[in-house]
Amino acid sequence: MRALITGNEAVSTAVRLARVELIAAYPITPQTSISEKLSQYCSEGTLDADFVKVESEHSAMATVIGAASTGVRTFTATSSQGLALMHELLHWSSGARLPIVMANVNRALGAPWNIWGDQSDSLAQRDTGWLQFYCESCQEVLDTTLMAFAVAERVNTPVMVMLDGFILSHTAEPVQIPEPDAVDSLLGGGPSPPALVDPENPRTLHAVTSPDHFMEFKHHQFQAAAGAEKVSVEVAEEFGKIFGRNYPGTEEFMCGDAETILVASGTAAGTVRHVVRKYREQGKKVGMMRVRMFRPYPFDEVRRIVSGAKRVAVLERAISPGSEGTMAQELRSAAYSAGGGPQVYDFVAGLGGRDIVPEDIERMLELVENGADKLQRVNWLGLKE
Amino acid sequence: MDTTVQAAPKPSTPSEYKSGLKPVWCPGCGDFGVLNALSQVYHRLEFDPMNTMLFSGIGCSSRIPGYLKGYGFNGVHGRVLPIATGAKLANPELTVIAAGGDGDGFSIGTGHFPHTCRRNVDITYIVMDNNIYGLTKGQLSPTSPGQMVTTTSSYGSIENPINPIGLAIGCGASFVARSFAGDIKHMVDVICQGIEHKGFSFIQILSPCVTFVGKDQFGIIKNQVRYLNEVEGYDPTDRSHAFQVADETGQISLGVIFQHPFPEYRHGTEIVRQRLIKRGVPEMKDLIAKFRP
């Protein structure tokens, strides 16, 4: 069945199809309509789940941690300040190895207040142990949310699915809605008991762990997150076989012979793709790499894609004050780890919901190809000064 | 060159205390009444905008600092009380007012409320209670009545609402009052009393959301109102009387519900400071000598 739905409705639909059993959420723009829809499904009986409208995002994450610890499938959704408020429990849930799935509708962080989209909220959570996937279309949001449950439950690690605030969360697109039976065949019968839980042998979870053992816990967690790349690829392949839609961890668009590769994530990738197509028609060797899987970071895959290019320009919708853009840091780490590698340039654009327009991308291309000597470590696009 | 900073002249009418920004509230919102009342309070108490600071959190009502002259601080959701506490402790000369809604104060920010009550810092906290999340367009709030159908309780709320008045009294607040956005004169009187009270003053103002709760709210509240200063024998220094008002059903009591001269927080810090001065700060060599065998 095809339906015209928004990015937020795509999330709620996936959560319904995944037969989630407990949802805890707190309203925050632009996430709110995800939880509203889920509340409606629970009230209509189209989703047999407990829906709890808790008193804060911190409580939302705590509630799903408690529920996931009993072995049920759980979900929550948030944005921006709400995600920041959850920070303490993001570490906790990944350390506890709970397969929680969360949608984060990307929105800028204050001060000053702003409700529009950028990716600084979720990129700031990169070290929390959560896996992160960034989506470009409403269809991809629905499909990635479904795959998130499969990945989370196979590696006992929580997964965050990102969609750009308003640009995707509130924009309706035609979306293929999967059949429930097909979703059941991907997700099976629900999560297995969480790591460390043995129903035959009750014990206390997460008690204080001395320096003699703490590192081993963290090593297990670290390996699971690294191994999640292979599992995510396997899940995407299974998904492709069932539904006919394929999602690589990193999308390559005309990168094969490209001398300049533009790197983007989220909806900005659509604008970049448009510009790349236009330049290709003019015979320019330009390509785009879209970061879909950000945690685990696919180092080998990224290195393979960019290693043939002369230069890489990273389009960031976030900043790391005192350093450079987060995406550029990660990319440099992948591109240079084997020595050599292309020249990497970093561009910041679209903070707090400012539009990223084709002219910004064209300017970026012009600068890296003909004005690289004028570029700084981080370059701001479309700044009013 | 003369570098003396010229203070803006003090406003001379209530409307001059308004900033001139057009409020982003729905027509008919109770918060307009609260804004009018506050501008009259500022005028009656002859506030100097340079020494007045209005803090808020997040929500429709938390927009209010931008609409009044003086310093404003639009803070993080639910954290208005600790932010206001910090400012008041650092600058005791400042008149500090905190404002917000029921979602900000009794949901995400509830954890700060009991501690601000018992700490008794000289702040006036105005909660514009509309029983709903208005800014995010109509979700269940902690003061939404049971069975209320909202966008996050399509099934009808299955939770009991929080009782802000009972909570404040129970947590040791030294001034607890209630007013109604439909009665500006009463709001002005009660807010002035709250500001003049030395210590933490909590004022719940019933401020209807005409968009997501209903246009009938003003009438529903008005029909149940009684004024405590007209109730014979009501003693606002008696906690048991105050708890009876907190628990009442079928009527809505307005006015000062509870007031007690608990010492303000600074009283405690001053005692500690005086004790230190009296004892003196020991010399380092004397301290070391004390620990020598």
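Modeller: A cavity is a set of grid points where a 1.4 Å probe fits but cannot get out. The model we are looking at is a predicted one, and about 40 Å³ is the volume of its second largest cavity.

Biologist: Which residues line the second largest cavity, and what makes a residue part of that lining?

Modeller: The lining consists of A:Gln119, A:Ser265, A:Ala268, A:Leu315, A:Glu316, A:Arg317 and A:Ile356. A lining residue needs an atom within 4 Å of a point of the cavity, and therefore each of these residues counts. By kind, 3 of the residues in this lining are nonpolar, 2 are polar and 2 are charged.

Biologist: How many cavities does the structure hold, and what do we know of the largest cavity?

Modeller: There are 3 cavities of 30 Å³ or more in the structure, and the largest cavity contains about 100 Å³ of space. Its lining is made of 14 residues, and nearest its centre lie A:Phe133, A:Met147, A:Ser232, A:Ala236 and A:Arg292. In chain A, α6 (138-155) and α8 (214-243) are the elements that give two or more residues to this lining.

Biologist: Into how many nonpolar, polar and charged residues does the lining of the largest cavity divide, and why is A:Phe133 put in its class?

Modeller: The division is 10 nonpolar, 3 polar and 1 charged. Phe is on the list of residue types that count as nonpolar, so A:Phe133 is placed in that class.

Biologist: Why is the second largest pocket called a pocket and not a cavity?

Modeller: A pocket is an open set of points, whereas a cavity is one that the probe cannot get out of, so the word pocket tells you that this space is open. The second largest pocket holds about 790 Å³, and among the 31 residues that line it, B:Asn131, B:Thr143, B:Gln204, B:Leu206 and B:Ile252 are the closest to its centre. Four elements of chain B, namely α5 (164-170), β8 (201-206), α7 (217-222) and α8 (239-247), each give this lining at least two residues.

Biologist: How do you know that chain A and chain B are in contact?

Modeller: Contact requires heavy atoms within 4.5 Å, and by that rule 18 residues of chain A are in contact with 20 residues of chain B. The area buried between the two chains is about 1400 Å², with carbon and sulfur atoms giving 57% of it. On the side of chain A that touches chain B, at least two residues each come from α2 (32-44), β3 (50-53) and α4 (80-95), and α2(A) gives the largest share with 5 residues.

Biologist: How many salt bridges and how many residue pairs in polar contact does the rule find across the interface of chain A and chain B?

Modeller: The rule finds 0 salt bridges across this interface, but it finds 12 residue pairs in polar contact there. Over all chains, the count of salt bridges comes to 30.

Biologist: What makes the pair A:Asp300 and A:Arg303 a salt bridge?

Modeller: Their side chains meet with N to O at 3.3 Å, and the rule asks for a side-chain nitrogen of Lys or Arg within 4 Å of a carboxyl oxygen of Asp or Glu, so the pair qualifies. The two residues are 3 residues apart in helix α10 (residues 299-306) of chain A, and therefore about one helical turn separates A:Asp300 from A:Arg303.

Biologist: What is notable about the backbone at A:Pro112, A:Pro296 and A:Arg97?

Modeller: Most peptide bonds are trans, and most residues other than glycine have a negative phi. The bond from A:Ala111 to A:Pro112, however, is cis, with omega near -5°, and A:Pro112 lies in the loop between β5 (101-106) and α5 (120-123) of chain A. The bond from A:Arg295 to A:Pro296 is also cis, with omega near -5°, and A:Pro296 sits in the loop between β12 (293-295) and α10 of chain A. As for A:Arg97, its phi is positive, near 60°, and this residue belongs to the loop between α4 and β5 of chain A.

Technical notes. Residues numbered from 1 in each chain as written. Chains lettered and ligands numbered in written order. Predicted model: local features only at pLDDT ≥ 70, side-chain atom pairs only at ≥ 80, totals over all residues. Heavy atoms only, no water. Buried area = accessible area lost by both parts, 1.4 Å probe. Polar contact = N/O pair within 3.5 Å; in protein donor to acceptor, adjacent residues only side chain to side chain. 1 Å grid on protein atoms, 1.4 Å probe; cavity = no way out; pocket = protein on both sides within 12 Å on 5 of 7 lines; lining within 4 Å. Points joined across faces, edges and corners; volume = space filled by probe spheres on them.
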